[in-house]
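Reader: Please take me through this model. I want the labels tied to their cut-offs.

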Amino acid sequence: MSDTLAGSLYVVATPIGNLDDLSPRAARVLGEVAVIAAEDTRHSGRLLRHLGLSRPMLSLHEHNEAARVDALDARLVAGDDIALVSDAGTPLISDPGFVLVRELRARGRRIVPVPGPCALVAALSAAGLPTDRFLFQGFLPAKGGARRGRLEALAAREETLVFYESPHRIRDTLADLTTTLGARRVVLARELTKAFETFLDGSAAELLARMDADPDQARGEFVVMVAGAGPRGDDDASTVEADALLSALLVEGLGVKQAAAVAARVLGGAKKTWYGRLQALKDGH
């Protein structure tokens, strides 16, 4: 497969659900390499059996990746071609592989991408949110305080924000999105390419209420996409739309002080200014 004495590392994208999404090129590479470095050999073994292939495999995950570099490099030097795969989608995109690719490229080895499925790109392509600029943050921190801190740090970013999230934390993440980013539009992509693929669209509070009403909507792996902040001073921060956001924050049960802090992060300006407008809205003036 390689046209040089040394072998190549093929970074192979595999299906995120629907096995028909595997490209013919990816299937060919998996069938021809000397060894497959897989995040979970049991999981990748099922894919190989589906393809009718039998290739040597070794595990490569976050706990052993650094220790695997020298052995895999030696195989490349000896002329072996190697495929790198993760459990689903494109390796290195919130999956193992970065350390291996960085170290092998530093040693002058040939790294060949074999593109294909990626949950991030698949979700964005069907979400209806701006895609000319987006900021991918992988998985948010598991602990609530750190997660809210990360979201607060991103509140002024104008790009579409994209995260991965697990079913165990999706409700907490939606609650923190409500607290930190207010009533912005959120699109959740769930179970992409699988039988129960679903796109949920609304504010974080609305989506949380939908999950409370239908717990099945909290199942599966999620791509969370959030509308970016409007540019300072443009029509998105107009009085009418600002008041709509302030009203939504009050409806969701935030206190005036907390809602003022959220408004200042999202819309800019001084908290005391938003506090006064929120108090007026609350009093019905």
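**Sheet and helix packing**

Author: In E5, Pro113 is the bridge partner of Val11. The model is predicted: local features need pLDDT of at least 70, side-chain atom pairs count only at pLDDT 80 or more, and totals for chains, interfaces and linings use all residues. Residues are numbered from 1 along each chain as its sequence is written, and side-chain values use heavy atoms, with hydrogens and water left out.

Reader: What makes E1 and E5 a pair?

Author: Two strands pair if DSSP finds at least two bridges between them. Strand E1 (residues 8-12) is joined to E5 by five bridges, so the definition is met. The two strands run parallel. Strands (E, at least two residues) and helices (H or I, at least four) are DSSP runs, numbered from the N terminus.

Reader: In what order do the strands of the sheet lie?

Author: The order is E3-E2-E4-E1-E5, in an open sheet of five strands with parallel pairing.

Reader: Why are E3 and E5 called edge strands?

Author: Strand E3 (57-59) and strand E5 (110-114) each pair on one side only. Neighbouring strands are turned by 25° against each other on average, direction ignored.

Reader: How do you know which strands helix H4 packs on?

Author: By contact, which means heavy atoms within 4.5 Å. H4 (residues 98-106) touches E1, strand E4 (82-85) and E5. The direction of H4 makes about 150° with that of E1. Angles run from 0 to 180 degrees between N-to-C directions; axes are lines fitted to C-alpha atoms, for helices over the stretch in contact.

Reader: Why is H3 called oblique to H4?

Author: The axes of helix H3 (residues 65-77) and H4 cross at roughly 45° and come within 9 Å. That angle makes H3 oblique to H4. Under 35 degrees counts as roughly parallel, over 145 as roughly antiparallel, 65 to 115 as roughly perpendicular, and the rest as oblique.

Reader: What is the make-up of the H3 contact with H4, by class?

Author: Eight nonpolar, no polar and three charged residues. Ala, Val, Leu, Ile, Met, Phe, Trp, Tyr, Cys and Pro count as nonpolar; Asp, Glu, Lys and Arg as charged; the others, Gly among them, as polar.

Reader: Why are H6 and H7 oblique?

Author: Helix H6 (residues 144-154) and helix H7 (residues 170-181) pack at about 45°, with axes 10 Å apart. They are therefore oblique to each other.

Reader: Which residues of H6 and H7 meet?

Author: Among them are Arg147 and Leu151 in H6, and Asp176 and Leu177 in H7. By class, this contact has three nonpolar, three polar and five charged residues.
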